[in-house]
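Grab a coffee and work through these exercises with the model open beside you. Each one sets a task and then walks through the solution.

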Amino acid sequence: MGKGLLYVISGPSGAGKGTICKRILEELDIDLSISMTTRKPREGEVDGVNYYFVSREEFQERIEADGFLEYAQVYENFYGTPKQMVMEQLAKGRDVLLEIDTQGALNVKKAYPEGVAIFLLPPSLEELRKRLTGRGTETPEAVELRLSKTLNEISCMTEYDYCVVNDDLDVAVSHVVSIMKAEHFKVSRGVHDLMKRYEEER
Ligand code: 5GP
């Protein structure tokens, strides 16, 4: 059985990552990695569903035990991708999706170059501000902090394999799904097995 593919999706908060990831999970047979964070849960967020919410001490222990595929400090909190689940699923041939920030994505690409990194962009900074304010979950200071981080994140875009602008949600989802499907047909993935099969048949 071939290995599964690892996809990484990132982009400024408010670019629609969460919504697009949810739609991808409905349309494709893929597992979402649940990250660990030291951030407090927002209203409606459930431990083990949205994130594993842990203390700084627990997070630190996992770093020391080499338990993260990657981790990063985002704003004032830590976020990390638990390594074991991702590696087990890939080994089983399952595709895995990570929704992580740009620092994490670049680290994953370094450690795991065959991973596919997709960057999502909001149509404009003005639209991003509107989306962040409309959420109602962030203070005005937090919105400004997130906006200022956006330009930084956008400068990392060239390190990604693909970039999709989320202007219209349905269109953006269909672009991302097409990219993810096409990755399975790359000659650089598994073409040797295919050649062997034809040679054996001869
Ligand atoms: P939020 O606090 O809004 O849920 O997430 C803040 C940022 O952290 C987002 O950009 C999100 O993609 C990122 N993030 C979530 N989980 C992880 C993770 O496991 N690793 C990294 N590096 N970033 C993450």
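**Exercise 1. Take apart the hairpin and its sheet.**

Step 1. Start with the hairpin: strand 5 and strand 6 form it with two residues between them, and tyrosine 75 in the turn has a positive phi of about 55°. Before going on, note that the model is predicted: local features need pLDDT of at least 70, side-chain atom pairs count only at pLDDT 80 or more, and totals for chains, interfaces and linings use all residues. Residues are numbered from 1 along each chain as its sequence is written, and side-chain values use heavy atoms, with hydrogens and water left out.

Step 2. Check the pairing. Strands here are DSSP runs of E with at least two residues, helices are runs of H or I with at least four, and both are numbered from the N terminus; two strands pair if DSSP finds at least two bridges between them. Strand 5 and strand 6 are antiparallel, with six bridges; glutamine 73, for instance, has phenylalanine 78 in strand 6 as its bridge partner.

Step 3. Look across to the next neighbour. Strand 3 (residues 36–37) also runs antiparallel to strand 6, joined by two bridges, and methionine 36 sits opposite glycine 80 in strand 6.

Step 4. Put the sheet together. Its four strands are ordered 4-3-6-5, and it is open with mixed pairing. Strand 4 (52–53) and strand 5 each have a single partner strand, so one side of each lacks a neighbour in the sheet.

Step 5. Is strand 6 largely enclosed or left open? Five of its six residues are buried, so strand 6 is largely enclosed by the rest of the structure. (Buried means under 20% relative accessible area, exposed over 50%, partly exposed in between, with a 1.4 Å probe and protein chains only.)

**Exercise 2. Order the other sheet.**

Step 1. Five strands make an open sheet with parallel pairing, in the order 2-7-1-8-9.

Step 2. Find the edges: strand 2 (31–32) and strand 9 (162–165) each pair on one side only.

Step 3. Zoom in on one pair. Strand 8 and strand 9 are parallel, over four bridges, and phenylalanine 119 has cysteine 163 in strand 9 as its bridge partner.

**Exercise 3. Trace the nonpolar cores.**

Step 1. Know what to look for: a core is a set of buried Ala, Val, Leu, Ile, Met, Phe, Trp, Tyr and Cys residues joined through side-chain atoms within 4.5 Å.

Step 2. The largest one has 20 residues, and Ile9, Ile24, Leu97, Ile118, Val176 and Met180 have the most contacts inside it.

Step 3. Which elements give two or more residues to this core? They are strand 1 (6–10), helix 1, strand 8 (116–121) and helix 7 (169–183). Helix 7 has the largest share, six residues.

Step 4. Pick out valine 176. Leaving aside residues up to four places away in sequence, it touches Ile9, Ile20, Ile24, Ile118, Leu120 and Val164 (contact means heavy atoms within 4.5 Å).

Step 5. Don't stop there: a second, separate core has 16 residues, including Val8, Leu69, Val96 and Ala105.
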